[in-house]
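Visitor: I'd like to learn how to read a structure like this one, feature by feature. Could you walk me through it?

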Amino acid sequence: MAGALVKPRPEWLRFPATTMASMAEMEESIPQIKALGIRIESMGDAVAQSRLPYDAPLVGDPETGVLHGGVITTQIDNLCAVALHAAIGHAVPCVTIDLRVEYLKPAAPGLDVIARAECRKVTSQLAFIAATAWNVDENDPIAFASCTYMLLPERESRATTPKT
Amino acid sequence: MTATLVDAVRAARETGDYQTVLESIPYMKFLGLVVEADEKGPICRMPGSDHIIGNPVLPAIHGGVVGALLESTAIMHIMWSRESLHVPKIINLTVEYLRSARVVDTYAQAVITKQGRRIANMRVEAWQADREKPVAAAHAHFLLPREDA
């Protein structure tokens, strides 16, 4: 179901295969993602979609009830890693080196935020991912983002202990 | 209803204490941010805590949370600099991640690089033990509420 974008490199193979179950497990292990209530809704060859439930403690403007931009930043940063893992087929450790978010309009108070990320390019060391977020209609987005990740296959896995 | 944000900002301009303003913004409170100020403006401190972790193996603070700290600090700076009684609307944010952010106190301070009537251009830097070794830096644009003009 995943990994069609790039042929897995030998150094990636020791990491767990990317599946909905392994990604859900990874999300479950990340305290901030749990705290925000973010869930992966779907995953494809190089794409992933997640949902952030609206919650009063996540509001950034008490006068309007609009979510804090940082909450959407976190949702997108996290989702870009999932799309990257979907693209390369293995949960290779990675870190964000650059993230740009354009906040097209305020998130609608009371509504969930849905985001979709697509991994556009992977090299031996880098991955480039684009993302969009919306409330109700994908064609009426609230944010665009582009994100660059660095792959760290020399690091220990975060999902499970690598098999020796 | 308790004191409004505008009341809190007005009071802070008298006392110089912006913690009440910060705590009236739910997500800043959720992150446990504490605001102090020097002559250059507010310094926001985010204490290390379990719920802000993004990588439990290292462990490290979630990159998105570092982004949220940088954005929050820019927002506090704009309100401190008397440019707005309301939360300014973010237009965009670019975060450069420079070092892994360990789960300890993280500080951030912003500067206004260009102040227009409607737009503020901001630079923000975050650091931990050593200010000379920032963990992240951002630049961002904010829309200033027009009713303040």
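**Reading the strands, helices and turns**

Guide: Happily! Let's begin at a spot between the chains: Arg100(A) stands opposite Thr94(B), a residue of S5(B). Likewise, Leu99(A) faces Val95(B) of that strand. Do keep in mind that this is a predicted model.

Visitor: Which strand of chain A pairs with S5(B), and over how many bridges?

Guide: The partner is strand S5 of chain A, residues 94-103; the two strands are antiparallel and share 5 bridges. As a general idea, side chains in a regular strand alternate between the two faces of the sheet.

Visitor: In what order do the strands of the open sheet run?

Guide: Reading across, the order is S1(A)-S2(A)-S6(A)-S7(A)-S8(A)-S5(A)-S5(B)-S8(B)-S7(B)-S6(B)-S2(B)-S1(B), which makes 12 strands with antiparallel pairing. The edges are S1 of chain A (39-43) and S1 of chain B, each of which pairs on one side only. On average, neighbouring strands of this sheet are turned by 25 degrees against each other, direction ignored.

Visitor: How many residues does each chain bring to the contact?

Guide: Chain A brings 33 residues and chain B brings 34. On the chain B side, at least two residues come from each of helix H3 (26-30), strand S3 (53-55), helix H4 (63-80) and strand S5 (89-97). S5(B) gives the most, with 9 residues. Sorted by class, that side of chain B holds 17 nonpolar, 13 polar and 4 charged residues.

Visitor: Let's follow some pairs inside chain B. How many bridges join S6(B) to S7(B)?

Guide: There are 8 bridges between S6(B), residues 106-115, and S7(B), residues 119-127, and the strands run antiparallel. A hairpin through 3 residues connects the two. To place one pair in the model, look at Lys114(B), whose bridge partner in S7(B) is Asn121(B).

Visitor: And which strand does S7(B) join over 8 bridges besides that one?

Guide: S8(B), residues 136-143, again running antiparallel. Here Ala126(B) sits opposite Ala136(B) of S8(B).

Visitor: What about the strands S1(B) and S2(B)?

Guide: S1(B), residues 34-38, pairs with S2(B), residues 41-46, in the antiparallel sense over 5 bridges. The hairpin that joins them passes through 2 residues, and Asp38(B) has Gly41(B) as its bridge partner.

Visitor: Now helices. How do I read which side of one is covered?

Guide: Start from the general idea: an α-helix has 3.6 residues a turn, so residues three or four places apart point the same way. In H1(B), residues 5-15, the buried residues are Ala8(B), Val9(B) and Ala12(B). They lie on the same side of H1(B) because their arc around the axis is only 100 degrees. Those buried residues pack against helix H2 (19-23) and H4 of chain B.

Visitor: How many residues of H3(A) are buried?

Guide: In H3(A), 20 of 20 residues are buried, so by the cut-off each has 20 or more other C-beta atoms within 10 Å of its own. This helix, residues 69-88, lies across S1, S2 (47-52), S5, S6 (113-122), S7 (126-134) and S8 (143-151) of chain A, together with S5 of chain B, and runs at about 45 degrees to S6(A). Its span from first C-alpha to last is 29 Å, close to the 28 Å expected at 1.5 Å a residue.

Visitor: Which backbone torsions should I check?

Guide: Most residues other than glycine have a negative phi, and most peptide bonds are trans. Here, Gly16(B), just after H1(B), takes a positive phi of about 80 degrees. Gly89(A), just after H3(A), also has a positive phi of about 80 degrees. For a cis peptide bond, look between Leu58(B) and Pro59(B), where omega is about -15 degrees. Pro59(B) belongs to the loop between S3 and S4 (60-61) of chain B.

Visitor: One last loop residue: why is Gly48(B) called partly exposed?

Guide: Because 16 other C-beta atoms lie within 10 Å of Gly48(B), and partly exposed falls in between 12 or fewer for exposed and 20 or more for buried. Gly48(B) is in the loop between S2 and S3 of chain B. Beyond its neighbours within four places in sequence, its contacts are Val103(B), Val104(B) and Asp105(B).

Key:
Residues numbered from 1 in each chain as written. Chains lettered and ligands numbered in written order. Predicted model: local features only at pLDDT ≥ 70, side-chain atom pairs only at ≥ 80, totals over all residues. Pairing = 2+ DSSP bridges. Helix = DSSP H or I, 4+ residues; strand = E, 2+ residues; numbered from the N terminus. Contact = placed C-beta atoms within 7 Å. Nonpolar A, V, L, I, M, F, W, Y, C, P; charged D, E, K, R; others polar. Arc of directions from axis to C-beta. Axes fitted to C-alpha atoms, helices over the stretch in contact; angles between N-to-C directions. Expected span 1.5 Å × (residues − 1).
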